[in-house]
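Me: Hi! I have a structure open and would like to talk through a few of its local features. Could you take a look with me?

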Amino acid sequence: KVDGGIIGSGFDANFLLARTENVSSETHAEEYNWVRASEWADSMGVRIIQSSLGYNDFDAGINYAQSDMNGRTAIITQGAVIATRKGIVIVNSAGNEGDKPFRKITAPSDADSILCVGSVNTAQNRVSNSGQGPSADGRIKPDVMAVGGGTAYYNNTNTIAFGTGTSFASPIIAGFCACLMQK
């Protein structure tokens with residue numbers, strides 16, 4: 001907090017918010033929601049999309065395999081690639097599958113043209129749940145790492161809390177990208 005306000009890593013940035021997740025289920029429709037939201041963001045002139053979503057496992061059992069994390073297969077990955085071709089910087093969390101059987105990064109972080117962000121702790125060691133690379137076609141992923149283990153944030157009661165996950169690391173890198181663009 002500075003002078004009673006909160007300053008994040010994307011100082012002086014403007015924000016457009018879109019909710020694409022349906023918390024009651026996990027379906028491919030959410031990937032299409034994300035693609036529609038990125039098209040809307042593009043129409044509004046957005047230059048950076050920070051997304052803390054990752055898809056591989058769905059309720060109906062129509063899941064993506066590790067071999068599908070090739071930058072070409074997943075619906076959301078295809079949409080993210082189109083958004084980057086339109087000039088939008090996509091910063092996406094690597095996913096929190098690192099200590100689960102899937103272990104790998106999740107879509108759309110497998111795209112070659114988006115910034116996949118993994119999670120480290122303050123000692124600069126990979127957090128165990130951070131999605132791992134490489135992509136299925138052998139590209140190095142995550143592209144960058146940021147502190148996502150024991151990360152301080154303001155919670156819904158406006159008090160400082162601490163959390164762990166790539167969803168804490170990815171916004172830090174998005175803010176860094178915003179600062180670079182502003183410079």
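Reply: Happy to! One cut-off before we start: a residue counts as buried under 20% relative accessible area, as exposed over 50%, and as partly exposed in between. Also keep in mind that this is a predicted model.

Me: Good, let's use that. Is Lys-141 buried or exposed?

Reply: Lys-141 is buried, because its relative accessibility is 6% and the cut-off for buried is under 20%.

Me: Which residue does Lys-141 form a salt bridge with?

Reply: Its partner is Asp-143, and the closest N and O atoms of the two are 3.0 Å apart. Asp-143 has 35% relative accessibility, so it counts as partly exposed.

Me: How many salt bridges does the count come to?

Reply: The count comes to 4 salt bridges. One of them joins the side chains of Asp-137 and Arg-72, at 3.6 Å from N to O.

Me: And what does that pair tie together?

Reply: Asp-137 is in the loop between β3 and β4, while Arg-72 is in the loop between β1 and α2, so the pair ties together parts that are 65 residues apart in sequence.

Me: Does Asp-137 have another partner, and if so, which residue is it?

Reply: Asp-137 also forms a salt bridge with Arg-139, where the closest N and O atoms are 3.1 Å apart. On accessibility, Asp-137 is partly exposed at 37%, Arg-139 is partly exposed at 21%, and Arg-72 is exposed with a relative accessible area of 54%.

Me: Back to the Lys-141 pair for a second. What was the distance there, and which residues are joined into one network?

Reply: For Asp-143 and Lys-141, the closest N and O atoms are 3.0 Å apart. The network joins Arg-72, Asp-137 and Arg-139 through salt bridges that share partners.

Me: New topic: backbone. Where are the cis peptide bonds?

Reply: A cis bond joins Gly-133 and Pro-134, with omega about 0°. The bond from Lys-141 to Pro-142 is cis too, with omega near -10°.

Me: Which loop holds Pro-134, and which holds Pro-142?

Reply: Pro-134 lies in the loop between β3 (115-120) and β4 (144-147), and Pro-142 is found in the loop between β3 and β4 as well.

Me: Which residues have a positive phi although they are not glycine?

Reply: Gln-124 has a phi of about 65°, and Asn-158 has a phi of about 60°. Gln-124 is in the loop between β3 and β4, whereas Asn-158 is in the loop between β5 (149-154) and β6 (160-164).

Me: How accessible are Gln-124 and Asn-158?

Reply: Gln-124 counts as exposed at 69% relative accessibility. Asn-158 is partly exposed, with a relative accessible area of 45%.

Me: On to the helices. Why is α2 described as largely enclosed?

Reply: Helix α2 spans residues 75-85, and 8 of its 11 residues are buried, so the rest of the structure largely encloses it. Among the buried ones are Ile-75, Ile-76, Val-81 and Thr-84.

Me: What covers them?

Reply: The cover over the buried residues of α2 includes α1 (29-43) and β2 (89-93). After α2 comes Gly-87, with a positive phi near 100°.

Me: What about α3? How far apart are its end C-alpha atoms?

Reply: They are 25 Å apart. Helix α3 has 17 residues, 166-182, which should span 24 Å at 1.5 Å a residue, so the model agrees with that expectation.

Me: What do the buried residues of α3 pack against?

Reply: They pack against β1 (48-51), β2, β3 and β4. The buried residues in α3 include Thr-166, Ile-173, Cys-177 and Ala-178.

Me: Last one: Val-144. Where is it, and what is it in contact with?

Reply: Val-144 is in strand β4. Leaving aside neighbours within four places in sequence, Val-144 is in contact with Leu-115, Cys-116, Val-117, Gly-118 and Ile-173.

Me: How far is Val-144 from Val-117?

Reply: From C-alpha to C-alpha, Val-144 and Val-117 are 5.2 Å apart in space, and they are 27 residues apart in sequence. Val-144 itself counts as partly exposed, at 28% relative accessibility.

Note on methods. Residues are numbered from 1 along each chain as its sequence is written. This is a predicted model: local features need pLDDT of at least 70, side-chain atom pairs count only at pLDDT 80 or more; totals for chains, interfaces and linings use all residues. Side-chain values use heavy atoms; hydrogens and water are left out. Buried means under 20% relative accessible area, exposed over 50%, partly exposed in between (1.4 Å probe, protein chains only). Helices (H or I, at least four residues) and strands (E, at least two) are DSSP runs, numbered from the N terminus. Contact means heavy atoms within 4.5 Å. The expected span of a helix is 1.5 Å times one less than its number of residues.
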